[in-house]
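Reader: Before accepting the labels attached to a structure, I should like to hear the reasoning behind them. May we take them in turn?

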Amino acid sequence: MKIIVTGGAGFIGGNFVHHMVNKYPDYQIINLDLLTYAGNLETLKPVEDKPNYKFVKGDIADRSFVFDLFEKEKPDVVVNFAAESHVDRSITDPEAFVRTNVMGTTTLLDACRTYGIKRYHQVSTDEVYGDLPLDRPDLFFTEETPLHTSSPYSSSKASADLFVLAYQRTFGLPVTISRCSNNYGPYHFPEKLIPLIISRALADEELPVYGTGENVRDWLHVSDHCEAIDLIIHKGIAGEVYNVGGHNERTNLEVVKTILKALDKPESLIKFVTDRPGHDRRYAIDPKKLETELGWKPKYNFDTGIRQTIQWYLDNEDWWKHIINGEYQNYFDNMYGNR
Ligand code: NAD
């Protein structure tokens, strides 16, 4: 089986590439990534010499490049992680999100229907459902919850989901979609909440927290997300959407305080900053369909997972320090520059 994984130099895509390369030595895993600011080949160091792994640099929204790649590789499966993924950046530059998240997805879908594939899987987000009120802990997102987006990021992801489903209905393309809650774990780019707080707290820097920190996120360890996608591409039913989440709701402030306690740093580092415009209040996933139909169960609870994650950042300072000082961007030239 030959699988093109797009965005495999990013956080979740990188973890997924590790998972697949190690678990399926007979599969060929091709990592297609543009290496934007968020793409980091240092994440792939543990697998870069494995015979079943290959990296290709390229843009999912570049039609002739994508078609040439499909012509050459004839993949069986495509798993699309590639995206502009940071909500704050989508507020300052929405167009980049339309280009990669919407145009990039439709370009891949066109290549898939032209060359014929066994499965196209779209990695989506619970943010397509909008948010839930803070005072209704009984409410959860199901696969039937209407799409109701708040940010340019979530709007671009919801648009992509609609194209994916339209290609199933109109062209009979065998697609699946997973909509996951917030991920945490190793190799997370340090602009996102958990690695940002860990790296800044270690340097005794102020910790920016939006508003009053009461927004609720539903956290899932990235390994549990990777397991879910592995299961869906093998056993999921074409045309279906699967929610992925582990019932680990925490306010942002609780998460920050947990990290400070683990690092033995004072809460006085916390600095409340002006809230993000349109900030979603609460996300909470109902993963019943994935659990009952495909037998998925998360392995991590948040308290263990966050402790292991903090330890990973302590043990791998070089990885995130190279990002903060910009050195990670030279890795491609060092690795592939003269090949
Ligand atoms: P990330 O920003 O860490 O990684 C994105 C990767 O995509 C980077 O390696 C980047 O170089 C690559 N990329 C960007 N534009 C590209 C293009 N035009 N062509 C090829 N590659 C390109 O993102 P992430 O946090 O790992 O998220 C991966 C996917 O999972 C995204 O689709 C995101 O919407 C979704 N998701 C993320 C979360 C989360 O908590 N991080 C939760 C649910 C869903």
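Reader: Why does Asp 110 count as buried or exposed, as the case may be?

Author: The model is a predicted one. Asp 110 has a relative accessibility of 12%, and buried means under 20%, so Asp 110 counts as buried.

Reader: What makes the contact of Asp 110 with Arg 113 a salt bridge?

Author: The closest N and O atoms are 3.1 Å apart. The cut-off is within 4 Å, so the pair qualifies as a salt bridge. Both residues lie in helix α4, 3 residues apart, which is about one turn of the helix.

Reader: Why is Arg 113 called partly exposed?

Author: Its relative accessibility is 40%. Partly exposed lies between the limits of 20% and 50%, so Arg 113 belongs to that class.

Reader: How do you know that Arg 282 and Glu 249 meet in a salt bridge, and what does the pair tie together?

Author: The N to O distance is 2.7 Å, and the cut-off is within 4 Å. Arg 282 lies in the loop between β12 and α9 and Glu 249 in strand β11, so the pair ties together parts 33 residues apart in sequence. Arg 282 is buried at 2% relative accessible area, whereas Glu 249 is partly exposed at 26%.

Reader: What makes the salt bridge of Lys 23 and Asp 230 a link between distant parts of the chain?

Author: The side chains meet at 2.9 Å, N to O. Lys 23 is in helix α1 and Asp 230 in helix α7, 207 residues apart. Asp 230 is buried at 2% relative accessibility, while Lys 23 is partly exposed at 42%.

Terms used
Residues are numbered from 1 along each chain as its sequence is written. This is a predicted model: local features need pLDDT of at least 70, side-chain atom pairs count only at pLDDT 80 or more; totals for chains, interfaces and linings use all residues. Side-chain values use heavy atoms; hydrogens and water are left out. Helices (H or I, at least four residues) and strands (E, at least two) are DSSP runs, numbered from the N terminus. Buried means under 20% relative accessible area, exposed over 50%, partly exposed in between (1.4 Å probe, protein chains only).
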